[in-house]
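Colleague: I am new to this one, and I would love a friendly tour. Could we look at it together?

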Amino acid sequence: MKHNRRKDWTWPRVKAALEDAGSSLSAVAGDLNITRFTVANTKRRPNPRVQAAIANIIGQEPKVIWPTRYTSKGRPVIRSQWMQNRPPPAPRHVNSAKAA
């Protein structure tokens with residue numbers, strides 16, 4: 001499976017877009033009758049229902065916000081396949097003082 005070369009929006013960008021739209025992660029959770037933690041978990045794992053709700057509030061298609069999680073036809077990628085083929089995480093900053 002090939003991933004779209006475009007990158008997913010960063011989580012701070014998603015949260016800022018929600019705030020600009022007058023909403024929040026907690027509001028999304030309330031609208032869907034799920035916990036805020038389930039919504040926040042969408043940062044790391046695909047959840048088409050939550051992604052659709054966030055995208056609807058922001059006024060974008062989910063595939064625009066999370067292109068790696070959708071096929072070229074706009075269908076959600078199966079979660080297990082996405083987890084196996086997901087883009088590598090960004091390298092973590094290592095504090096050089098602790099490394100010594």
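Modeller: Gladly! Let us begin with a term: a salt bridge is a side-chain nitrogen of Lys or Arg within 4 Å of a carboxyl oxygen of Asp or Glu. Please keep in mind that this is a predicted model.

Colleague: Thanks! How many salt bridges does the structure hold?

Modeller: The side chains of Arg69 and Asp8 meet at 3.9 Å, N to O. That lies within the 4 Å limit, so the pair qualifies. The total for the structure is 1 salt bridge.

Colleague: How many residues apart are the partners Arg69 and Asp8?

Modeller: Side chains of opposite charge can pair when their charged atoms come close. Here, Arg69 sits in the loop between α5 (62-65) and α6 (79-85), while Asp8 belongs to the segment before α1 (11-20). The bridge therefore links distant parts of the chain, with its partners 61 residues apart.

Colleague: Is Arg69 buried or exposed?

Modeller: Its partner Asp8 has 23% relative accessibility and counts as partly exposed. For Arg69 the value is 4%. The cut-off for the lowest class is under 20%, so Arg69 counts as buried.

Colleague: Now the overall fold: how many helices and strands are there?

Modeller: Reading from the N terminus, the elements run α-α-α-α-α-α-α. The counts for the protein chain are 7 helices and 0 strands.

Colleague: Which helix gives the most to the largest nonpolar core?

Modeller: In soluble globular proteins, nonpolar side chains tend to be buried together. The largest nonpolar core here has 18 residues. α1, α2 and α4 (48-58) each supply at least two of them. With 5 residues, the one that gives the most is α4.

Colleague: Which residues does Val14 contact, leaving aside its neighbours within four places in sequence?

Modeller: Val14 is among the residues with the most contacts inside the core, a group that also includes Val28 and Val39. Apart from those sequence neighbours, the contacts of Val14 are Trp9, Ile54, Ile58, Ile65 and Trp66.

Colleague: What is the phi of Asn33 near?

Modeller: Asn33 is found in the loop between α2 (25-32) and α3 (36-40), and at 71% relative accessibility it counts as exposed. Most residues other than glycine have a negative phi. Asn33 has a positive one, near 60°.

Colleague: Finally, what share of the residues in the protein chain is buried?

Modeller: The accessible surface of the chain comes to about 7200 Å², with 49% of it belonging to carbon and sulfur atoms. Of the 100 residues in the protein chain, the buried share is 29%.

Key: Residues are numbered from 1 along each chain as its sequence is written. This is a predicted model: local features need pLDDT of at least 70, side-chain atom pairs count only at pLDDT 80 or more; totals for chains, interfaces and linings use all residues. Side-chain values use heavy atoms; hydrogens and water are left out. Helices (H or I, at least four residues) and strands (E, at least two) are DSSP runs, numbered from the N terminus. Buried means under 20% relative accessible area, exposed over 50%, partly exposed in between (1.4 Å probe, protein chains only). A nonpolar core is a set of buried Ala, Val, Leu, Ile, Met, Phe, Trp, Tyr and Cys residues joined through side-chain atoms within 4.5 Å. Contact means heavy atoms within 4.5 Å. Accessible areas come from the Shrake-Rupley method with a 1.4 Å probe; for residues, only the protein chains shown count as cover.
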